[in-house]
Amino acid sequence: MIKASRKSSSQPSKTTGLQGPPLFPPPAKTLEFFVNYACNAKCPFCFNPPDASPELEKGLPFPELARRMFAGFAEGYRGIKFIGGEVTIRDDLPKILGLARKIGFTQIQVTTNGIRMGDGRYVRSLLRQGMTHVRFSIHGHTPELHDRLVQVPGALAKIERAAAHLRAAGIPMGVNYVLNRLNYERLPETLDWFYERLGLSDIIVYFLRYQGFGALPKNKELLRLRMSEASPFVLEAFRRLKAAGRSPLPTLIHFPPCAVPGLEDHILDWTVDPTGSGQGNTREDRVTLPDRTVGKIHEITNSGKRKIAVCASCSLNERCLGVETNYLNEFGDKEFRPLALTGAARHLSPSPSGRGRGRA
Ligand code: SF4
């Protein structure tokens with residue numbers, strides 16, 4: 001799920017190599033719409049349903065979307081986010097953004113794979129209609145990683161072009177990055193690249209969740225990754241970012257604290273208090289899916305976890321939601337160790353299969 005925006009600044013980030021865009025502003029109470037399930041990429045970890053009907057692929061018709069936008073504004077929502085599928089597949093996206101601005105939403109975010117935004121004229125048309133924030137889905141810092149994962153040659157180059165247009169326009173940009181077998185060993189350098197090369201201010205690292213396309217057997221086989229394999233690379237990435245004085249640091253989603261000891265303050269969805277970790281969603285943030293299902297974002301993001309045997313002796317037991325159930329179904333719970341009462345956490349035990357190597 002998308003995370004609500006966070007720190008406010010009208011100044012360029014001082015910690016990026018580039019004169020980056022301003023940081024995301026403080027969270028406004030936000031509506032999120034999955035406007036479609038259709039997409040022009042083929043990410044094997046996509047959590048959307050692989051068997052969506054043509055109607056769901058197409059998404060909510062504009063009149064219904066408009067009605068829900070008006071109703072949300074009347075309820076006090078001032079932020080609005082559009083995600084898919086791929087939102088830029090919809091030819092009426094400029095019209096949707098224009099309506100959001102006309103209604104009065106002050107934070108209007110588009111989450112995109114960036115493929116269509118490689119066209120500067122298209123980016124400018126979205127900016128004219130009122131887009132104020134962009135979040136890219138980027139899964140590697142080289143074409144060998146990113147283009148291979150999204151299965152679109154030239155996709156990363158288009159994102160770089162889009163980021164240059166948006167940076168020049170002063171638009172805050174963020175990244176959704178899904179950690180998996182093919183990219184986990186490159187995480188430290190990929191995060192460095194996001195800050196240095198793209199000048200990004202808001203990065204979310206998701207641990208792969210085996211749902212949607214990610215639950216298809218061939219995709220599971222391609223991407224499966226143990227947390228004990230990923231953990232050293234996540235810890236090293238944060239160590240490097242802290243040493244370099246990067247701010248804000250990335251947010252982690254779908255990691256239990258015992259998988260990345262010492263980073264619980266950066267995990268969005270580990271605790272029973274939905275606003276008690278990371279810099280998360282407000283309690284009211286709401287999402288609407290193409291099938292018209294409506295839910296609270298923090299409830300959806302925090303769902304699907306369960307406690308394991310070692311939780312009983314963990315210092316975070318009372319506050320922690322546990323480990324992703326679909327992860328436990330794949331790998332069991334043998335690699336997890338409780339965090340000590342002193343706060344001096346013990347690391348995950350080595351993976352039975354060893355550290356493993358990416359297949360990239
Ligand atoms: S309570 Fe359980 S899942 Fe949570 S950090 Fe502790 S051992 Fe891990």
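Two strands are said to pair here if DSSP finds at least two bridges between them. Helices (H or I, at least four residues) and strands (E, at least two) are DSSP runs, numbered from the N terminus. By these criteria, three bridges join strand 1 (residues 30–34) to strand 8 (286–288), and the two run parallel. Within this pairing, Glu 32 has Val 287 of strand 8 as its bridge partner. The structure is a predicted model, in which local features need pLDDT of at least 70, side-chain atom pairs count only at pLDDT 80 or more, and totals for chains, interfaces and linings use all residues. Residues are numbered from 1 along each chain as its sequence is written.

The protein chain contains 11 helices and 11 strands. Of its 360 residues, 48% are buried, a residue being buried if 20 or more other C-beta atoms lie within 10 Å of its own, exposed if 12 or fewer, and partly exposed in between, with C-beta atoms placed from the backbone. Contacts are counted when the C-beta atoms of two residues, placed from the backbone, lie within 7 Å. Among contacts in the protein chain with a separation of 6 or more, 72% link residues 24 or more positions apart.

The pairing of strands 1 and 8 belongs to a wider arrangement. Nine strands form an open sheet of mixed pairing, in the order 7-6-5-4-3-2-1-8-9. Strand 7 and strand 9 (294–296) are the edge strands, each pairing on one side only. On average, neighbouring strands of this sheet are turned by 20 degrees against each other, direction ignored; the axes behind such angles are lines fitted to C-alpha atoms, for helices over the stretch in contact, and angles run from 0 to 180 degrees between N-to-C directions.

Strand 5 (residues 173–179) deserves a closer look. Seven of its seven residues are buried. Both faces of strand 5 are covered, with Met 173, Val 175, Tyr 177 and Leu 179 on one side and Gly 174, Asn 176 and Val 178 on the other. Strand 5 pairs in the parallel sense with strand 4 (residues 133–137) over four bridges, and Met 173 is the bridge partner of Val 134. Strand 5 is also parallel to strand 6 (residues 202–207), here over six bridges, and Val 178 stands opposite Tyr 206.

Turning to the helices, two packed helices are described by the angle between their axes and the distance between the axes. For helix 7 (residues 187–198) and helix 9 (residues 227–243), the axes come within 8 Å and cross at roughly 35 degrees. This crossing of helix 7 and helix 9 is right-handed, the term for a near helix turned clockwise from the far one by less than a right angle (anticlockwise would be left-handed). Leu 187, Pro 188, Leu 191 and Asp 192 in helix 7 meet Phe 233, Val 234, Glu 236, Ala 237, Arg 240 and Leu 241 in helix 9. By class, this contact has seven nonpolar, no polar and three charged residues, where Ala, Val, Leu, Ile, Met, Phe, Trp, Tyr, Cys and Pro count as nonpolar, Asp, Glu, Lys and Arg as charged, and the others, Gly among them, as polar.

Several loops carry backbone features that a modeller may like to inspect. A cis peptide bond with omega of about 25 degrees joins Gly 84 and Gly 85, and Gly 85 lies in the loop between strand 2 (79–83) and helix 3 (93–103). Both glycines are in contact with Asn 36, as are Glu 57, Lys 58, Gly 59, Ile 89, Arg 90 and Pro 290, leaving aside neighbours within four places in sequence. Asn 36 itself sits in the loop between strand 1 and helix 1 (54–58) and counts as buried because 23 C-beta neighbours lie inside 10 Å. A second cis peptide bond runs from Ser 247 to Pro 248, with omega near -5 degrees; Pro 248 is found in the loop between helix 9 and strand 7 (251–253).

Positive phi values occur at Gln 151, near 60 degrees, and at His 254, near 75 degrees. Gln 151, between helix 5 (143–150) and helix 6 (155–168), is exposed, with 11 other C-beta atoms within 10 Å. His 254, in the loop between strand 7 and strand 8, is buried, with 24 such neighbours.

Finally, 15 residues surround the ligand, and Pro 256, Cys 258, Cys 311, Cys 314 and Cys 320 come nearest; a residue is near a molecule or strand if its C-beta atom, placed from the backbone, lies within 6 Å of it. The shell around the ligand divides into 13 nonpolar, two polar and no charged residues.
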